[in-house]
Amino acid sequence: MTSVLAFCTATVTSIPRSALEVVAAARSLAQQLGGVSAQALLLGARVEQQAYALIQHGADEVFLVDHPSLASLEDEVALGVAEYVVRQMTPQVVLFPHDDLAGGHVAPRLAYRLKAGIVTDCTGFAVQDHEIRWLRPVYGGKAMAYFRAQGPIQVATVRSRAFEPLPADPSRRGEVRPVDINPETFLPTVRAVERVETAEVEEGPSLDRAEIIVSGGRGMGSAEGFQVLHDLARVLGAAVGGSRPAADMGWVPHSHLVGQTGKIVAPKLYIAVGISGATQHMAGAGSSKTIVAINKDPDAPIFKLAHIGVVSEWEKVIPPLIQIFREMRSQG
Ligand SMILES: Cc1cc2nc3c(=O)[nH]c(=O)nc-3n(C[C@H](O)[C@H](O)[C@H](O)COP(=O)(O)OP(=O)(O)OC[C@H]3O[C@@H](n4cnc5c(N)ncnc54)[C@H](O)[C@@H]3O)c2cc1C
């Protein structure tokens, strides 16, 4: 039987949402292809429990590579393990989350090694006459296009939040199959010997994973103005993002730039403050479930894309909102 294989990582305490999303995508694709099983490849250290959790969340079978060296994952090791397992199991499709490690470093190199067709940043797919058509945004999100990948195996990366994790079903049964392999075989000749936190490491959730993002643009006026967005993010448990000018002026680290040349995000709520809504910015934020725009210019393009628009100077809206949220929190 052919299969769709989802590439997943986990830690001893948790499974990232991206792993559950990619398993949900694999399950959906397997069902559409018909007679195909949804498999997962799980890498991590002391993650056997998480392998069973992946079955509850939709996998039929999990190939488990559980090794102390995988507590912190190196690109080369993830690539070597993925190649080994894919060559052994010969799935029809390999799915990766579209993140830095899997989508950025592992998937393209695996596709090259396998001479497989790859489609990146997919938000969906359709199956027609047993052929998969991969859906992904093009022209900075202005249009969507279907792609066909060639080769005996197809590789695809799945955009964050394009698929909802399936709820855990404790009655689901599946097999966890430990893979007999030593990941250290794939250790690269150049290795990270120490990880140093940079000044950019901030409190709160990461931009990739946050359910709420508060994002600011040139309209915030200054670094001090931008600080108000950090206060708002803190009370909401949100991450902070920014437009190109905000990043260029140093109000927000470049790693928090949202847009075509920055991060592509899809939170449940994207609050855009003092951002005009240029195509290049919205290419990164346009997939958010709900977009709230606060802008003093009623003709700002962002109002065409926002679900909720507030025409006002942010100074009149954000500080009172923070005050209200703080009071609500202090009242429990
Ligand atoms: C190749 C290329 C790639 C690019 N990639 C990106 C990218 O990845 N991300 C990105 O963001 N940009 C990108 N850009 C830049 C992009 O085209 C825009 O210039 C940029 O997004 C504009 O940022 P902004 O909305 O913060 O600023 P502006 O366009 O200057 O808008 C500021 C807004 O703030 C409003 N405002 C001003 N004062 C207030 C106030 N007190 N209260 C409320 N509202 C106020 C104004 O009405 C205005 O709408 C790229 C450009 C190019 C050419």
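## Strands, domains and a ligand shell: worked exercises

Strand β7 (residues 131-138) pairs with β8 in the antiparallel sense, over five bridges. Strands here are DSSP runs of E with at least two residues, helices are runs of H or I with at least four, and both are numbered from the N terminus. Two strands count as paired if DSSP finds at least two bridges between them.

A word on ground rules before we dig in. Residue numbers start from 1 along each chain as its sequence is written. The model is predicted: local features need pLDDT of at least 70, side-chain atom pairs count only at pLDDT 80 or more, and totals for chains, interfaces and linings use all residues.

### Exercise 1: the β6-β7-β8 sheet

Task: Find what stands opposite Val138, then work out which strands sit at the edges of this sheet.

Solution:
1. Start from Val138: across from it in β8 is Ala143.
2. Now widen the view. The strands form an open sheet of three, ordered β6-β7-β8, with antiparallel pairing.
3. β6 (124-128) and β8 (143-147) are the edge strands, as each pairs on one side only.
4. For the twist, neighbouring strands of this sheet are turned by 30 degrees against each other on average, direction ignored. Those angles use axes that are lines fitted to C-alpha atoms (for helices, over the stretch in contact); in general they run from 0 to 180 degrees between N-to-C directions.

### Exercise 2: strand β9

Task: Decide whether the residues of β9 are buried or exposed, and name its partner strands.

Solution:
1. Fix the cut-offs: a residue is buried with 20 or more other C-beta atoms within 10 Å of its own, exposed with 12 or fewer, and partly exposed in between, the C-beta atoms being placed from the backbone.
2. Apply them to β9 (residues 154-158): five of the five residues are buried, so the strand is largely enclosed by the rest of the structure.
3. Split the strand by side. Side chains in a regular strand alternate between the two faces of the sheet. Here Gln154, Ala156 and Val158 point one way, while Val155 and Thr157 point the other.
4. Go through the partners. β4 (residues 93-97) runs parallel to β9 and is joined to it by five bridges; Val94 has Val155 as its bridge partner.
5. β5 (residues 117-122) is also parallel to β9, with four bridges, and Cys122 is bridged to Val158.

### Exercise 3: strand β12

Task: Which residues of β12 lie on each side, and which strand is joined to β12?

Solution:
1. β12 (residues 239-242) has both faces covered: Ala239 and Gly241 on one side, Val240 and Gly242 on the other, all buried.
2. The parallel strand β11 (residues 212-216) is joined to β12 by four bridges.
3. For one matched pair, look at Ser215, which stands opposite Gly241.

### Exercise 4: two arginines with positive phi

Task: Compare the settings of Arg46 and Arg161.

Solution:
1. Recall the background: most residues other than glycine have a negative phi.
2. Arg46 has phi near 55 degrees and is found in the loop between β2 (37-44) and α2 (48-56). Arg46 has 15 other C-beta atoms within 10 Å, so it's partly exposed.
3. Arg161 has a phi of about 70 degrees and lies in the loop between β9 and β10 (175-178). Arg161 counts as buried because it has 21 C-beta neighbours inside 10 Å.

### Exercise 5: domains and ligand

Task: Where do the domains run, and which residues come nearest the ligand?

Solution:
1. The domain assignment gives domain 1 (3-186) and domain 2 (212-330); such bounds come from an automatic or database assignment.
2. Their C-alpha centres lie 32 Å apart.
3. Six residues of domain 1 are in contact with eight of domain 2, contact being C-beta atoms, placed from the backbone, within 7 Å.
4. On the domain 1 side, that makes no nonpolar, three polar and three charged residues. Nonpolar covers Ala, Val, Leu, Ile, Met, Phe, Trp, Tyr, Cys and Pro; charged covers Asp, Glu, Lys and Arg; the others, Gly among them, are polar.
5. Turn to the ligand: of 28 residues around it, Gly217, Gly219, Arg244, Gly259 and Ser276 come nearest. A residue is near if its C-beta atom, placed from the backbone, lies within 6 Å of the molecule or strand in question.
6. The shell has nine nonpolar, 13 polar and six charged residues. At least two residues each come from α6 (244-248), α7 (279-285), β14 (290-295) and α9 (314-330).

Methods: Two residues are in contact if their C-beta atoms, placed from the backbone, lie within 7 Å.
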